[in-house]
Amino acid sequence: MAIAKAERLMNLALCLLGTRRPLSKRELRGSIEAYMEAGNDESFNRMFERDKDDLRELGLVIETVENLDGETGYLARRDSNRLPPVSLDAEEAAALGLAAKVWQQARLAGAASGALQKLRAGGMPEAEDPYAGQHSAIEPRIPVHEAAFEPLMLACRDRRPVVFDYRKSTAARPETRQVEPWALECWRGHWYLAGYDRDRGAERVFRLSRITGKVRSRAGKYTAEVPDVVTVRETVASWAGESADRSALIRLRAGAGYPLRAKATAVREGGDGWDELEIPYGHGLDAWLVEFGPDVVVVGPADLRADVVDRLRAVAGA
């Protein structure tokens, strides 16, 4: 079974790499013996979609093109699938090896390991691990617990629109959102998706932990231009509360809220087991403060206090 699939994937890759024009599903089915033996159209479609996804996972860049008749075709341009010679020094190889250990999520851990193997096969030098055989006190890890992460990661990679149900922190019920995903970013231990919200006609940032149910893919192309990755990171930083243009005064229970204390520009003892902190105030601070529950009281400004109260009431009524 494994040999048959490997042969089928190889034949599909050769067809897509060897063509000068996009090939339709019908043409690919007539060119590959395993597809011709498929019992019916539904069986062939499932097999083809799995094979196409597997080849993309292996690194083959497959383009989807729609011709004038509206028929969808596929090809893999040779210039898009040709890598330059690998030229990394030992320090660069060590940095890549360290980065490959970061991911805890199974799918990404396997992809990182596979990427290293390919680079080494292409000439990347073997890097000595200074911590080999020892237990390092610091080990890089990026945990991913949200079920929405993997489908959104693939949608960002393949430029596929998605639909999901999203519950805002101020809402009691989730709403359906149609989004063109751009990138995933991690801030303060939380994952965020930046993308274009079709219903609102503007860019939006979504916290993955507030996505409910399954992420569903949608056919069609993006309708909005995808910004530069640096711009996307700045957008996520702003929505996650990293960009601040003023200060807020809060009361924080003694011995609690260490992430807030790390952000504070000033800390004073407030008495009765509370401290007073001045912290940068930007978009998203109200959502962050709510996470600390009864350990935080907002003194000012008044609009921040009102936003936090609204969010707490929404959570209490959910």
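1. Let me start with helix α7, since its burial pattern is worth a look in this predicted model. The buried residues are F149, L152, M153, L154, A155, C156 and D158. That makes seven of the 10 residues in the helix, which spans 149–158, so α7 is mostly covered.

2. What does α7 lie across? The helix lies across β4 (162–166), β5 (175–187), β6 and β8, and runs at about 90° to β5.

3. Just after α7 comes R159, with a positive phi near 55°. R159 is not a glycine, so you may want to look at this backbone angle yourself. The residue sits in the loop between α7 and β4. With a relative accessibility of 38%, R159 counts as partly exposed, because that class covers values between the 20% and 50% cut-offs.

4. Now for the sheet under discussion. Five strands make up an open sheet in the order β7-β6-β5-β4-β8, with antiparallel pairing. The edges are taken by β7 (202–207) and β8 (211–217); each has a single partner strand, so one side of each is left without a neighbour in the sheet. On average, neighbouring strands here are turned by 45° against each other, direction ignored.

5. At the β7 edge, the pairing can be followed residue by residue. Strand β6 (residues 190–197) runs antiparallel to β7 and is joined to that strand by six bridges. One pair to display is A194 with its bridge partner V205 in β7.

6. A hairpin is found further along the chain, in β10 and β11, with two residues between the strands. Strand β10 covers residues 266–271 and β11 covers 274–282; they pair in the antiparallel sense over five bridges. A266 stands opposite E278 in β11.

7. Is the turn residue D272 buried or exposed? At 78% relative accessibility D272 counts as exposed, because the cut-off for that class is over 50%. D272 lies in the loop between β10 and β11, and has a positive phi of about 60° although it is not a glycine.

8. Another backbone feature to check is the cis peptide bond between G300 and P301, where omega is about 5°. P301 belongs to the loop between β12 (296–300) and α11 (302–317).

9. Finally, a word on S24, which is part of strand β1 (residues 23–24). S24 has a relative accessibility of 4% and so counts as buried. Which residues does S24 contact, leaving aside neighbours within four places in sequence? They are E71, T72 and G73.

Definitions and conventions: Residues numbered from 1 in each chain as written. Predicted model: local features only at pLDDT ≥ 70, side-chain atom pairs only at ≥ 80, totals over all residues. Heavy atoms only, no water. Buried < 20%, exposed > 50% of the residue type's maximum accessible area, 1.4 Å probe, protein only. Helix = DSSP H or I, 4+ residues; strand = E, 2+ residues; numbered from the N terminus. Pairing = 2+ DSSP bridges. Axes fitted to C-alpha atoms, helices over the stretch in contact; angles between N-to-C directions. Contact = heavy atoms within 4.5 Å.
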